[in-house]
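The following exercises are to be worked with the sequence and the coordinates at hand. Each task is followed by a solution in steps.

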Amino acid sequence: MADRNIRRKPLPSQAQAAIPQTLPPDWSADLTAQFRRVLSTRRMNELSKRPGSQRRSSSRLPTEYFVESRQSPQLPPRHAYDANTQIDPTPLQNVPSVSGAHPLLSTPTAPPPAYSSLRNIPIIPTPPTDSKSLRFRGMLLSLSNTPCKWENPGLLDEALGAIPLQRIYEEAQEEADLFMAEAASMGPSMKPAWGYQDCVIRALMKWFKRDFFEWVNNPRCTICRTPTVACGMAAPLPDEQARGANRVELYRCANQHCLSYERFPRYNDAFVLLQTRRGRCGEWANCFSMLCRALGSRVRWVWNAEDHVWTEVYSVHRKRWVHVDCCEEQWDVPLLYTQGWNKKLSYCIAFSADGCCDVTRRYVRDPTSHALTRSRCPEGVLMHIVREIKDMRRRDMDKKERFRLNAEDMREDAELRKNIIEALAYSISRILPGGDGGTGARPDPDAMKAAEGRQSGPMEWVRARGEGGRNQNRDPRNLRP
């Protein structure tokens with residue numbers, strides 16, 4: 001009896017008494033149906049929030065393509081000390097799918113970007129393949145042989161006999177002393193502007209133009225000394241061809257009582273030019289560069305695609321290449337052609353016995369106003385040709401000498417990049433608020449020397465070449481450096 005009293009159930013409360021004690025027979029089936037409807041509704045709501053392509057074929061896709069969590073993944077905080085600055089990612093947009101195709105393959109993808117739209121991509125040397133590039137390569141290889149003709153020691157000794165060495169060395173020593181005195185007056189640590197070897201080349205340039213070589217536009221008649229008129233070209237004679245003349249200009253005397261013809265061979269041999277001593281810029285630069293080599297300086301012969309040539313001499317004192325134009329008697333004025341002559345340039349290639357280099361950036365500082373389109377070949381092909389010529393010239397050199405020349409090439413490339421950067425900075429400073437705007441700029445010495453223009457040759461020759469020469473309407477202060 002005691003056990004029965006202990007295990008007796010408690011009396012039902014008033015709320016429980018109202019519930020019937022017996023359940024209907026279909027109670028469990030109805031509860032199961034309600035549970036299935038709720039579960040189905042939740043699944044449909046979850047599927048409705050997914051992209052359409054996944055919703056239609058979710059049963060055929062592997063499960064690893066879906067995110068199990070209904071919430072979007074959270075981005076990492078912006079700062080380690082601020083966890084409240086998280087930004088929810090933008091939800092994916094519904095992308096229509098193609099019926100019957102795999103959902104991942106049916107999603108449209110953007111086409112890859114065209115490389116032609118990208119800029120400042122590093123140039124890769126590329127061998128020439130088209131006929132135009134191959135012709136340009138052949139021409140540059142032919143031009144690169146010109147400085148190699150000046151390396152004959154016997155011929156260089158013969159060239160020294162045509163130079164008044166005593167006069168050249170005395171003038172150079174006098175000018176070098178002036179540079180040293182000028183540097184000493186400015187302080188004990190100041191370095192002279194130019195060294196003795198530079199002064200030797202400067203004295204040689206003055207003597208070469210004023211006393212040695214003659215500028216010839218239309219040669220005078222050898223019979224009556226009357227000016228002549230151009231008649232065209234003529235084939236070189238065997239004697240002229242043997243001395244290096246590939247073409248001959250033909251002129252006729254303007255005197256009606258004479259009417260004799262004059263031949264003007266264009267010699268390419270610098271040692272033949274020591275005897276003729278006349279010509280135009282091609283002959284001048286060829287002979288002068290050879291004389292600079294005879295005096296012991298390293299020289300370059302600079303070819304320009306716009307029919308002009310000049311010289312570059314390596315300054316040991318400055319440790320860089322210096323522009324020299326013996327026709328104009330200009331020293332270290334690389335802006336002479338663009339700023340002084342108002343001429344546009346495309347290619348300026350320098351050739352030496354040590355290799356080849358594209359030095360256009362030294363003479364063209366503003367590509368927007370003084371540069372022509374470089375259409376002879378792609379830039380990568382030009383780089384390949386320059387390297388090919390350089391490797392060919394340095395192939396048999398000593399390893400130490402090659403390392404020295406490679407270091408010199410790196411310094412020159414840095415110098416050319418610096419020229420472009422300084423020109424861009426100067427252009428930007430002129431358009432900024434407070435800039436001079438082209439009215440009150442401090443005059444640049446190189447630009448003022450370039451504004452002097454052409455000093456040699458008749459004016460009709462200057463006009464025929466399209467060079468501005470001295471421009472009285474331009475203010476030298478407005479020339480960019």
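**Exercise 1. Classify Leu23 as buried or exposed, and place it in its surroundings.**

Step 1. The model is a predicted one. In it, Leu23 has a relative accessibility of 57%. The cut-off for an exposed residue is over 50%, and Leu23 therefore counts as exposed.

Step 2. As to secondary structure, Leu23 is found in the loop that runs between helix 2 (14–18) and helix 3 (27–48).

Step 3. Leu23 also takes part in a nonpolar surface patch of about 330 Å², together with Trp27 and Leu31.

**Exercise 2. Describe the chain as a whole: its secondary structure, its burial and its confidence.**

Step 1. Counting elements gives 18 helices and eleven strands.

Step 2. The protein chain has 481 residues, of which 37% count as buried. Its exposed area is about 30,200 Å², and carbon and sulfur atoms supply 54% of that area.

Step 3. Of the contacts between residues at least 6 apart in sequence, 64% join residues at least 24 apart.

Step 4. The mean pLDDT is 79, and 70% of the residues reach 70 or more. Two segments with pLDDT under 50 deserve inspection. Residues 1–6 have zero contacts beyond four places in sequence, while residues 438–443 have ten such contacts.

**Exercise 3. Identify the residues of the largest nonpolar core that touch the most other members, and examine Phe288.**

Step 1. A general tendency sets the scene: in soluble globular proteins, nonpolar side chains tend to be buried together.

Step 2. The largest nonpolar core holds 61 residues; those touching the most other members are Leu140, Phe208, Phe288, Met290, Leu291, Trp303 and Phe351.

Step 3. With neighbours within four places in sequence set aside, the contacts of Phe288 are Ile201, Leu204, Met205, Phe208, Thr311, Val324 and Cys326.

Step 4. A second core, separate from this one, has 13 residues, including Tyr337, Ala350, Val359 and Tyr363.

**Exercise 4. Determine where Ile389 lies and which residues it contacts beyond four places in sequence.**

Step 1. Ile389 belongs to helix 15, which spans residues 379–393.

Step 2. Its relative accessible area is 0%, so Ile389 is buried.

Step 3. Beyond four places in sequence, Ile389 is in contact with Leu140, Leu141, Ser144, Phe351, Gly355 and Cys356. For the pair Ile389 and Phe351, the sequence separation is 38 residues and the C-alpha to C-alpha distance is 9.2 Å.

**Exercise 5. Compare the settings of Lys319 and Asp332, given that each has a positive phi.**

Step 1. Phi is near 60 degrees for Lys319, a residue other than glycine. For Asp332, also a residue other than glycine, phi is near 55 degrees.

Step 2. Lys319 is located in the loop between strand 7 (308–315) and strand 8 (320–325), whereas Asp332 is in the loop between strand 9 and strand 10.

Step 3. A relative accessible area of 54% makes Lys319 exposed. Asp332 has 12% relative accessibility and therefore counts as buried.

**Exercise 6. Assign Asn342 to an accessibility class and relate it to His370.**

Step 1. Asn342 lies in the loop between strand 9 (330–331) and strand 10 (348–352).

Step 2. Its relative accessibility is 48%, so Asn342 counts as partly exposed.

Step 3. Asn342 and His370 are separated by 28 residues in sequence, and their C-alpha atoms are 7.6 Å apart in space.

Note on methods. Residues are numbered from 1 along each chain as its sequence is written. This is a predicted model: local features need pLDDT of at least 70, side-chain atom pairs count only at pLDDT 80 or more; totals for chains, interfaces and linings use all residues. Side-chain values use heavy atoms; hydrogens and water are left out. Patches are made of residues with over 30% relative accessible area and no salt bridge: like charges are joined within 9 Å, nonpolar side chains (Val, Leu, Ile, Met, Phe, Trp, Tyr) within 5 Å. Accessible areas come from the Shrake-Rupley method with a 1.4 Å probe; for residues, only the protein chains shown count as cover. A salt bridge is a side-chain nitrogen of Lys or Arg within 4 Å of a carboxyl oxygen of Asp or Glu. Helices (H or I, at least four residues) and strands (E, at least two) are DSSP runs, numbered from the N terminus. Buried means under 20% relative accessible area, exposed over 50%, partly exposed in between (1.4 Å probe, protein chains only). A nonpolar core is a set of buried Ala, Val, Leu, Ile, Met, Phe, Trp, Tyr and Cys residues joined through side-chain atoms within 4.5 Å. Contact means heavy atoms within 4.5 Å. pLDDT is the predictor's confidence in each residue, from 0 to 100.
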